[in-house]
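Reader: I would like to go through a protein model with you, one topic at a time. Could we begin once it is on the screen?

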Amino acid sequence: TEISKKLGHKVFCINPAKIFEKQIGASACYNPLLIIEQNWADPNRHPYLLDDVRDLAKQLITEPENSGENQFFRNGSRKLISFAIVYLVTRDGKVTLSDALALISDMTELETSLHLARASGALNGDLSRMAKDMLGKFEDGDRKQLESFREGALQALEAFSPSGALAASTSRSDFSFADLRKGKVSVYIICDPTNAEVYQGWLGLVMKAALKELMRAPDGEPVCFMLDEATNFKVEGLPKLLTSAREFKLRMWIVVQEIEMFTEVYGKAGKDALLSQTEVKIVFGTRSYDTAKYFSDYCGTTSYRETSFQTGRDNRDQITRSVAEKTRPLLLPEEVMGLKHMLVLTDKAPPALVEGVGYNQIWPLQKWAEPNPYFGKKRFKGKIRIRL
């Protein structure tokens, strides 16, 4: 790729569906449970292991905005996934999501594993405690409840079935996201748009694991994340992370089609965090009046002088002239909705309307960019307006 040739980056493309593999090269593999394997391999990191497993299990089974009564069963499914991951990594030193799926799918194997884990001293007896809790449901004859937990866990892991593309993509790790701290490394995560529902859980899990790795190793170079179509997947805890990302030298670009779509995924508090914690906001226009009203208010007001004339009560009176200082929004909501240029809002400068320049109008980006396979074999060219 040009970023590798021209900028000297080591590039990894995680591309499970092998989309346009001839153009971008073979897909790299990344196991989202890599950090769990690393925790188990280093005794000093054992205190992190169970918390990290629980965190990733919550990412696999995310909590909806209106959780309702089913939260009990979601928690049960998360516990079962957590047990499977902890048992496998303490037994084998490695674990994949496909391995966890296989264990939970086989009821006989699962029950045997629970009995073996009950006698384990791993993690100061935590694995044994987890096993005893699950076995208690067998002994109490409450198999129906356990089966509900198991069904929820299977649904969350089904995308990683052995015959699927995600199983191969998560079977090992060709790199660690912590490598991005070491210098010129770029990682691209490519989803199959025709299977967005299947891939969104995997994508959120990879992002969660990546952020966890980088926050655990803050020393080194700053890392930039660009989350395009960020509402197509959910990263648990993302709004809260926005308040502390700078401390971990993480720079995040979050691209959404509409702010209200972010609300649907992360709730109103999540939207408020997004709007309050981002240093720069770039608005290309919106179809939502509420969103337009927000950015209109954000821009503030401007003052202007208005001249008015008054006539007397009859035609013999003199006409008087007066000038009044008035205010109006710098941009009306209707003007925000009809923007022809980008509206750039930053905490360090007044609002600005900026004309956008595409990569096809920037040299040498125009030369470097290969044709978009979705739109034929011709390069997307334009009149050069900026030279780097």
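**Aromatic pairs, salt bridges and surface**

Author: Let us begin with Phe-177, which counts as buried because its relative accessibility is 3%. Please keep in mind that this is a predicted model.

Reader: Which residue forms an aromatic pair with Phe-177?

Author: Tyr-30 does, and the pair is edge-to-face, with 4.8 Å centre to centre and 80° between the planes.

Reader: Why give both a distance and an angle?

Author: A pair of aromatic rings is described by the distance of the centres together with the angle of the planes.

Reader: Where do Tyr-30 and Phe-177 lie?

Author: Tyr-30 is in the loop between α2 and α3 (34-41), while Phe-177 is in the loop between α10 and β2. The pair therefore ties together parts that are 147 residues apart in sequence.

Reader: Is Tyr-30 buried or exposed?

Author: Tyr-30 is buried, because its relative accessible area is 1% and the cut-off for buried is under 20%.

Reader: Which residues form the aromatic cluster with Tyr-30 and Phe-177?

Author: Phe-12 and Phe-175 join Tyr-30 and Phe-177 in one aromatic cluster.

Reader: How many aromatic pairs does the structure hold?

Author: There are 14 aromatic pairs in the structure. One of them is formed by Phe-20 and Tyr-374: the ring centres are 5.0 Å apart and the planes stand at 90°, so this pair is edge-to-face.

Reader: Which parts does the pair of Phe-20 and Tyr-374 tie together?

Author: Phe-20 lies in the loop between β1 (10-14) and α2 (21-24), and Tyr-374 in the loop between α16 (365-368) and β11 (386-387). These parts are 354 residues apart in sequence, so the pair links distant stretches of the chain in that sense.

Reader: What about the accessibility of Phe-20 and Tyr-374?

Author: Phe-20 has a relative accessible area of 28% and is partly exposed. Tyr-374, at 53%, is exposed.

Reader: Let us stay with the loop between α10 and β2. Where is Thr-170?

Author: Thr-170 is in that loop, which runs between α10 (165-169) and β2 (185-189). With a relative accessibility of 0%, Thr-170 counts as buried.

Reader: What does the side chain of Thr-170 reach?

Author: The side chain of Thr-170 reaches the backbone oxygen of Leu-166 at 2.7 Å. Apart from neighbours within four places in sequence, the residues in contact with Thr-170 are Tyr-30, Asn-31, Pro-32, Thr-96, Phe-160 and Trp-202.

Reader: And Leu-180, where is that found?

Author: Leu-180 is also in the loop between α10 and β2, and at 11% relative accessible area Leu-180 is buried. With neighbours within four places in sequence left aside, Leu-180 is in contact with Val-185, Val-187, Glu-221 and Val-223.

Reader: New topic: how many salt bridges are there?

Author: A search of the whole structure gives 21 salt bridges. Side chains of opposite charge can pair when their charged atoms come close.

Reader: Which residue does Arg-216 meet in a salt bridge?

Author: Arg-216 meets Asp-52, at 3.0 Å from N to O. Arg-216 belongs to helix α11 (residues 196-216) and Asp-52 to helix α4 (residues 46-60), so the salt bridge ties together parts that are 164 residues apart in sequence.

Reader: How accessible are Arg-216 and Asp-52?

Author: Arg-216 is partly exposed, with 31% relative accessible area, whereas Asp-52 is buried at 3%.

Reader: What about Lys-271 and Glu-260?

Author: Lys-271 and Glu-260 form a salt bridge whose closest N and O atoms are 3.7 Å apart. Lys-271 counts as buried at 17% relative accessibility, and Glu-260 is partly exposed at 28%.

Reader: Which residues are joined into one network by salt bridges that share partners?

Author: The network consists of Asp-52, Asp-55, Lys-208, Lys-212 and Arg-216.

Reader: Finally, the surface: which residues make the nonpolar patch?

Author: Met-226, Trp-253, Val-255, Val-280, Ile-282 and Phe-284 make a nonpolar surface patch of about 610 Å². Phe-284 sits in the loop between β5 (280-283) and α14 (289-299), and this residue counts as exposed because its relative accessibility is 61%.

Technical notes: Residues numbered from 1 in each chain as written. Predicted model: local features only at pLDDT ≥ 70, side-chain atom pairs only at ≥ 80, totals over all residues. Heavy atoms only, no water. Patch = residues over 30% accessible without salt bridge, like charges linked within 9 Å, V, L, I, M, F, W, Y side chains within 5 Å. Areas by Shrake-Rupley, 256 points an atom, 1.4 Å probe, with all protein chains shown as cover. Salt bridge = Lys/Arg side-chain N within 4 Å of Asp/Glu carboxyl O. Helix = DSSP H or I, 4+ residues; strand = E, 2+ residues; numbered from the N terminus. Buried < 20%, exposed > 50% of the residue type's maximum accessible area, 1.4 Å probe, protein only. Polar contact = N/O pair within 3.5 Å; in protein donor to acceptor, adjacent residues only side chain to side chain. Contact = heavy atoms within 4.5 Å. Phe/Tyr/Trp six-rings, centres within 6.5 Å; stacked < 30°, edge-to-face > 60°.
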